Amino acid sequence: YVMDKNSPDMSKLAPYKKNVVKFMSIRYIVYLLASKLLISTDTRTHAYAWRKKNSIIFQYMNSKKLVFLQHGVTALKKVDFLYGKGRNGECRLFVVTSDYERDIVKEHFGYKDSEIAVTGFARWDVLNDKSEGSNEILLMPTWRNWLEEVGDDIFKQSDYYQNYMKLLTSDRLTSLLEEYDLKMNFYLHPKFRDYIQDFKIDSERIRLIPFGEEPLNELMMKCRLLITDYSSVCWDVYYQGK
């Protein structure tokens with residue numbers, strides 16, 4: 001199992017230490033080049049930090065067979081341009097959650113039945129609704145590719161930032177949280193982790209949670225309600241019947 005040595009979750013893998021490979025270490029590069037099969041929640045490009053097209057290692061990596069576990073349900077976003085057959089994210093086996101999702105992958109991504117596995121997500125096996133007695137709302141919008149890695153000034157000028165700040169500082173939201181004795185957890189997408197510092201909220205009922213500070217699946221299990229735009233985390237919460 002591959003993990004960045006600086007990841008907050010590294011300590012959780014202590015019982016499996018001999019099976020954990022540190023990302024981009026020499027051992028990792030050797031294992032990567034020697035592997036016959038990659039099993040990943042994302043594309044091959046995420047297996048190697050330096051994405052230079054003329055890199056020998058990058059070329060070797062792109063020839064590897066891939067089982068795509070997915071990191072979210074394919075339903076709300078048009079991503080066949082990346083994960084479709086003949087595209088950069090093409091895989092040998094596409095894992096999906098349902099027959100309905102399988103039909104989407106067949107019709108729009110170009111895969112055959114034999115190249116799709118309807119298994120559900122392994123990570124869902126540990127999801128249990130823990131919202132009994134909880135007063136938490138989880139607010140988790142997804143990212144925007146046109147805002148990825150822009151400077152703070154540009155990010156703060158965006159509609160994305162402006163509108164979420166209006167929501168979080170809304171007098172009406174504050175009064176509703178107080179009236180129903182609720183708390184709201186605001187969790188930014190991992191790609192926007194560095195922008196959490198730009199959100200300044202003066203409310204005891206609203207908590208800004210930096211990426212990695214708390215396990216996301218725990219936040220989804222504890223919440224009574226999820227508010228999102230079109231993030232596929234909605235399916236993880238819907239799976240729990242919430």
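**Reading sulfurs, sheets and a core**

Guide: Let's start at Cys 223, which is buried, with a relative accessible area of 1%. Buried means under 20% relative accessible area, exposed over 50%, and partly exposed in between (1.4 Å probe, protein chains only). This is a predicted model, where local features need pLDDT of at least 70 and side-chain atom pairs count only at pLDDT 80 or more, while totals for chains, interfaces and linings use all residues. Residues are numbered from 1 along each chain as its sequence is written, and side-chain values use heavy atoms, leaving out hydrogens and water.

Visitor: How many disulfides does the structure hold?

Guide: A disulfide is a pair of cysteine sulfur atoms within 2.5 Å. Here there are zero.

Visitor: Why is the sulfur of Cys 223 too far for a bond?

Guide: Because the closest cysteine sulfur, in Cys 234, is 12 Å away. Turn it around and you get the matching picture: the closest cysteine sulfur to that of Cys 234 is in Cys 223, at 12 Å, too far for a bond. As for its surroundings, Cys 234 is partly exposed, with a relative accessible area of 21%.

Visitor: On to the sheets. In what order do the four strands of the open sheet come?

Guide: Strands (E, at least two residues) and helices (H or I, at least four) are DSSP runs, numbered from the N terminus. Two strands pair if DSSP finds at least two bridges between them. In this open sheet the order is S3-S4-S5-S6, with parallel pairing. Strand S3 (37-40) and S6 sit at the edges, each pairing on one side only.

Visitor: And how many bridges hold S5 to S4?

Guide: Two: strand S4 (residues 65-68) and strand S5 (residues 93-96) pair in the parallel sense. To follow that pairing on screen, find Val 67, which stands opposite Leu 93 in S5, and Phe 68, whose bridge partner in S5 is Phe 94. S5 is also joined to strand S6 (residues 116-118) by three bridges, again running parallel. There, Val 96 stands opposite Val 118 in S6.

Visitor: What about S8: which strands does S8 pair with?

Guide: S7, to begin with, in the parallel sense over four bridges. Look for Leu 139, which stands opposite Phe 186 in S8. Four bridges also join S8 to strand S9 (residues 206-209), and these two run parallel. In that pairing, Met 184 stands opposite Ile 206 in S9.

Visitor: Why is S8 largely enclosed by the rest of the structure?

Guide: Because four of its five residues are buried.

Visitor: Last one: which residues touch the most other members of the largest nonpolar core?

Guide: In soluble globular proteins, nonpolar side chains tend to be buried together. A nonpolar core is a set of buried Ala, Val, Leu, Ile, Met, Phe, Trp, Tyr and Cys residues joined through side-chain atoms within 4.5 Å. The largest one here has 22 residues, and Phe 155, Leu 168, Met 184, Phe 186, Leu 188 and Phe 199 touch the most other members. Strand S7 (136-139), helix H6 (159-168), helix H7 and strand S8 (183-187) each supply at least two residues of this core. H6 gives the most, with five residues. And while you're at H7, look just after that helix for Asp 181, which takes a positive phi of about 50°.
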